[in-house]
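Thanks for coming. I will walk through one structure today, with a few questions along the way. Please have the sequence and the 3D view open.

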Amino acid sequence: MKMFGTNGIRGIANDYLSCELALGIGRCVGRVLGRRIAVATDPRVSSDMIKSALTAGLVSVGADVLDIGMVPTPALQNYIRSRPEITGGVMITASHNPPEFNGIKCISADGTECSPEEEHAIEEMYESGTECVPWNEIGRVVKVAGADDEYIDAVVSRVDSDSIRRAGLTVCVDCANGASCHTTPELMRRLGVRAITLNGNPQGEFPGHPSEPTEDNLEALKKMVVDTGADLGIAHDGDADRCVFVTNDGRYVSGDVSLALLAGYILRKRHGGRVVVTVATSSIVEDVARSAGGEVEYTAVGSPIVARAMRSDGGVFGGEENGGLIFADHQYCRDGAMGAAMMLECIAGQGPLGEQIDAMPRYRTVKAAIRCPDELKERLIGSVSSAHSGERCNLTDGLRIDYDDGWVLLRPSGTEPKFRIYSESKDPAVAERRSAEFVSEAEGILERLS
């Protein structure tokens, strides 16, 4: 039974993600990940309900639970990795999904998201069932305070806080009514940064705007940055493992561009190194990384995949184009607060964000999608791959074809009956033309296959 997706188990609360499912998953996590489990939530309406059911499952198989409350996902991961006695963890969150959704994200003892093998073991045990322990072996639940402050301390220790303080920066922070409502404003205070917050009250309905930090959802932040004369805008998603930015002149910065900017900054500080990104990432990252003396490794889509490749291959920095940034000398997971702090250091040392971005290469990326039944996804990839066998094809995740003046990626959605088609080039006309050509080719193949 396949339950885990790219980022845990997700579904509508009291529908697919029921208390019964959470109870059963809790029992399996307690068997697979060990007997001392840390648990945290984001502020969604259903989070306490799901946590209660999952905790009941954990203690019923003899696991002790450390309940650290509502904190960002990377704060839970920091808490786990810094304590050898903790054998794993669970974050109750659906990240950027609408408020009716929730999720169960499992964390390994080293603070990274669980491996596919661990997730598969949990799925298998859920399907076969597991027995509870006798009454006198039931686990305990202990509420723990201070994990958020420890997390902030860890972030502050990894940046040049003195240079940030000297810069006298002002930022606007959009917490999306999510788990960062305490941590990021407090991080700004400890770094000597004046912070103006909006959507800073943790509310599970996300009344300010949807929790996905897209440009359309951040109009208020863009306006606030301009109106207050701030140096930077920072926005998080619901569980604050991601961050996106707004320039000092009110422009939204795409995740690819901020990823490239910080990659160049870190590589110059370290005099080179390896940056790990997914095959869906803009070539701007490779351009900037190579000019800074670094190299780039490409992986399949998914932040846990990027993090594992960084750890195994010595990557110093990595991430995804959605604002998920991973810093090897901090922890191997997406970390929104760490990303915000490092961007502040970059601005303090190199000047206004808008000017830095204006000096970077520019690409045009066209994103399209077509409907494709799940049972035809592999056949579609095979057919397109065969038709382009003489070109530079990469089958790491879907099919990516590289050209001298750009690339195209055809990738099946893991959650919907869709095929995503990305086309990029420095020449907007080339990007648009290739997008149209590959959409037409894929639709023609699907028509023949069906």
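**Cysteines, sheets and a few single residues**

Let me start with the cysteines. A disulfide here needs two cysteine sulfur atoms within 2.5 Å, and by this rule the count comes to 0 disulfides. Keep in mind throughout that this is a predicted model.

For those new to the term, a disulfide is a covalent bond between the sulfur atoms of two cysteines. Why does Cys 243 have no such bond? The closest cysteine sulfur, in Cys 175, is 12 Å from the sulfur of Cys 243, so the two are too far apart for a bond. Cys 243 is buried, and its relative accessible area is 0%. Cys 372 can be treated in the same way. Its closest cysteine sulfur belongs to Cys 393 and is 18 Å away, which is too far for a bond. Cys 372 is also buried, with a relative accessible area of 1%.

Next, the strands. Strands of a sheet pair through backbone hydrogen bonds, and the pairing is either parallel or antiparallel. I will take the parallel examples, then go to an antiparallel sheet.

Please find strand S2, residues 36-41, and strand S3, residues 64-70. They pair in the parallel sense over 5 bridges. Within this pair, Val 39 stands opposite Asp 67 in S3. How does the chain get from S2 to S3? It goes through helix H2, residues 47-60, and this β-α-β crossover is right-handed. S3 also runs parallel to strand S6, residues 141-143, and 3 bridges join them. There, Leu 66 stands opposite Val 142 in S6.

Further along the chain, strand S12 (residues 273-278) pairs with strand S13 (residues 294-299), in the parallel sense and over 6 bridges. The bridge partner of Arg 274 in S13 is Glu 295. With helix H10, residues 284-291, these two strands make a right-handed β-α-β unit.

Now the antiparallel sheet. In what order do its strands lie? The order is S16-S20-S19-S18-S17, an open sheet of 5 strands with antiparallel pairing. At the edges are strand S16 (364-371) and strand S17 (392-394), each of which pairs on one side only. On average, neighbouring strands of this sheet are turned by 15 degrees against each other, direction ignored.

Look at one pair inside this sheet. Strand S19, residues 406-412, and strand S20, residues 418-425, pair in the antiparallel sense over 6 bridges. Leu 410 stands opposite Ile 421 in S20.

Helices lie against this sheet too. Helix H14, residues 377-387, packs on the sheet and touches strand S18 (399-403), S19 and S20. The direction of H14 makes about 35 degrees with that of S20. Helix H15, residues 428-449, lies across S16, S18, S19 and S20. H15 runs at about 15 degrees to S16.

Back to Ile 421, which lies in strand S20. Is Ile 421 buried or exposed? It is buried, because its relative accessible area is 0% and buried means under 20%. Leaving aside neighbours within four places in sequence, its contacts include Val 366, Ala 368 and Ile 370, along with Val 408, Leu 410, Phe 438 and Ala 442. By contrast, the C-alpha atoms of Ile 421 and Gly 111 are separated by 33 Å, and these residues are 310 residues apart along the chain.

The last part is about loops. His 209 is in the loop between strand S8 (194-198) and helix H8 (219-228). Which side chain makes a polar contact with the side chain of His 209? That of Asp 174 does, at 2.8 Å. His 209 is buried, with a relative accessible area of 10%. Not counting residues up to four places away in sequence, His 209 touches Asp 174, Ala 176, Asn 199, Asn 217 and Leu 218.

Asn 199, one of the residues His 209 touches, lies in the loop between S8 and H8. Asn 199 is not a glycine, although its phi is positive, at about 50 degrees. Another such case is Ser 95, a residue other than glycine with a positive phi near 55 degrees. Where is Ser 95? It is in the loop between strand S4 (88-92) and strand S5 (101-107). With a relative accessibility of 1%, Ser 95 counts as buried.

That is the end of my list.

Notes:
Residues are numbered from 1 along each chain as its sequence is written. This is a predicted model: local features need pLDDT of at least 70, side-chain atom pairs count only at pLDDT 80 or more; totals for chains, interfaces and linings use all residues. Side-chain values use heavy atoms; hydrogens and water are left out. Buried means under 20% relative accessible area, exposed over 50%, partly exposed in between (1.4 Å probe, protein chains only). Two strands pair if DSSP finds at least two bridges between them. Helices (H or I, at least four residues) and strands (E, at least two) are DSSP runs, numbered from the N terminus. A crossover is right-handed if, with the strands pointing away from the viewer, the path from the first strand over the helix to the second runs clockwise. Axes are lines fitted to C-alpha atoms, for helices over the stretch in contact, and angles run from 0 to 180 degrees between N-to-C directions. Contact means heavy atoms within 4.5 Å. A polar contact is a pair of N or O atoms within 3.5 Å; within protein, one must be able to donate a hydrogen and the other to accept it, and residues adjacent in sequence count only if both atoms are side-chain atoms.
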